[in-house]
Amino acid sequence: MSSGSQGLSRSYEIFEEYWKMYDEWYMRNYAVWVSECLCLKSLGIAGLVLDVGAGTGVFSKCMRGYVVGVDPALKPLALAAEREVTPVSAFGEYLPFRSEVFDWAVLVVTICFLSNPLKVLQEVRRVLKLSGYIATCFIPKESEWGKYYIMKVWRGGSMFYKYARFYSVREVLDLLFSAGFSFKEFISTLCRDPHSPPAVEYPSKNPWGCGFVCVKGVKH
């Protein structure tokens, strides 16, 4: 969802106002939610988990352990709390936690709404334990899904993604390296054409061409 304090990050206001529409999208597109959930589960997320840009906590069931959800939008966090997420209202650039406390950090389609993604990733690294993991999941701009949403924005048909900046796989890797993370693996899904009939897809380790890619990194 969204987590940031200026520029593109003002997008959190659209999620604050239309949180219910955002949440219901996943129920209407259940095969997409299941596919992305399977992708998250295969990452092995567990322990004390920080979900940056948690929104409504729609992916909380896809993670094991104790999930702390950070988001500047309050109304989505209220629903996240009902889904057993511990809600914290904050911006990703200024996480209100001590250093080296979390086992895992997850950003699910959050990075594209950040005005300063490097600063957020550096903050995430600070609050992660040594050898803690990060998963940055996003829609690559070079994928068919990325092209689909970019075209939708261009045509004025996307309420949420008009505030987004789409990244390539290479660009997200570079951001993670710049923040001090080492690469661990890719886990991907939505490798079918977005115009094809809905179907649950199982995770792949090949990110190229897939519409939902998680880059798993580690703090050393």
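The chain exposes about 9,700 Å², and carbon and sulfur atoms supply 55% of that area (accessible areas by the Shrake-Rupley method with a 1.4 Å probe; for residues, only the protein chains shown count as cover). This is a predicted model, in which local features need pLDDT of at least 70 and side-chain atom pairs count only at pLDDT 80 or more, while totals for chains, interfaces and linings use all residues. Residues are numbered from 1 along each chain as its sequence is written, and side-chain values use heavy atoms, with hydrogens and water left out.

**Whole chain**

Start with the C-alpha trace, which spans about 45 × 35 × 30 Å along its principal axes. The radius of gyration is 16 Å, which agrees with the value near 17 Å for a compact globule of 220 residues (taken over C-alpha atoms; the globule rule is 2.2 Å times the number of residues to the power 0.38). Of the 220 residues, 55% are buried (under 20% relative accessible area; exposed is over 50%, partly exposed in between, with a 1.4 Å probe and protein chains only).

Colour by secondary structure next. The chain has seven helices and seven strands (DSSP runs numbered from the N terminus: helices are H or I of at least four residues, strands E of at least two). Their order along the sequence is α-α-α-β-β-α-β-β-α-β-α-α-β-β. Among contacts (heavy atoms within 4.5 Å) between residues at least 6 apart in sequence, 70% join residues at least 24 apart.

For the charges, select Lys and Arg as positive and Asp and Glu as negative; His and the chain ends are not counted. The mean positions of the 25 positive and 21 negative charges are 3 Å apart, with each charge placed at NZ of Lys, CZ of Arg, CG of Asp or CD of Glu.

**The cores**

Select Leu40, Leu43, Phe59 and Tyr161: of the 39 residues in the largest nonpolar core, these touch the most other members. A nonpolar core here is a set of buried Ala, Val, Leu, Ile, Met, Phe, Trp, Tyr and Cys residues joined through side-chain atoms within 4.5 Å. Two or more residues of this core come from each of α1 (12–17), α2 (19–28), α3 (30–42), β4 (102–108), β5 (128–138), α6 (144–154) and β7 (212–219). Helix α3 gives the most, with six residues.

Centre on Phe59. Setting aside residues up to four places away in sequence, Phe59 touches Tyr26, Trp33, Glu36, Cys37, Leu40 and Val108. Another core, of 33 residues, lies apart from the largest one; Val52, Val101, Ala105 and Val169 are among its members.

**Loop residues**

Go to Gly57, in the loop between β1 (48–52) and β2 (66–71). Gly57 is buried, with a relative accessible area of 2%. Beyond its neighbours within four places in sequence, Gly57 is in contact with Ala80, Arg83 and Val85. For a distance check, pick Gly57 and Pro194: they are 137 residues apart in sequence and 24 Å apart in space, C-alpha to C-alpha.

Glu100 is in the loop between β3 (86–89) and β4. Its phi is near 60 degrees, a positive value in a residue other than glycine, and Glu100 is partly exposed at 48% relative accessible area. Leu190, in the loop between β6 (181–189) and β7, also is not a glycine and has a positive phi of about 55 degrees. Leu190 counts as buried, at 4% relative accessibility.

**Strand residues**

Select Tyr66 in strand β2. Tyr66 is partly exposed, at 48% relative accessibility. Leaving aside neighbours within four places in sequence, its contacts are Gly47, Leu48, Val49 and Thr86. The C-alpha atoms of Tyr66 and Ala46 are 7.6 Å apart, with their positions 20 residues apart along the chain.

Move to Ser131 in strand β5, which is partly exposed at 43% relative accessible area. Not counting residues up to four places away in sequence, Ser131 touches Val218 and Lys219. Ser131 and Lys219 are 88 residues apart in sequence, and their C-alpha atoms are 4.9 Å apart.

Finish at Lys184 in strand β6, partly exposed at 47% relative accessibility. Outside its neighbours within four places in sequence, Lys184 is in contact with Tyr133, Lys216 and Gly217. From Lys184 to Ile134, 50 residues apart in sequence, the C-alpha distance is 9.5 Å.
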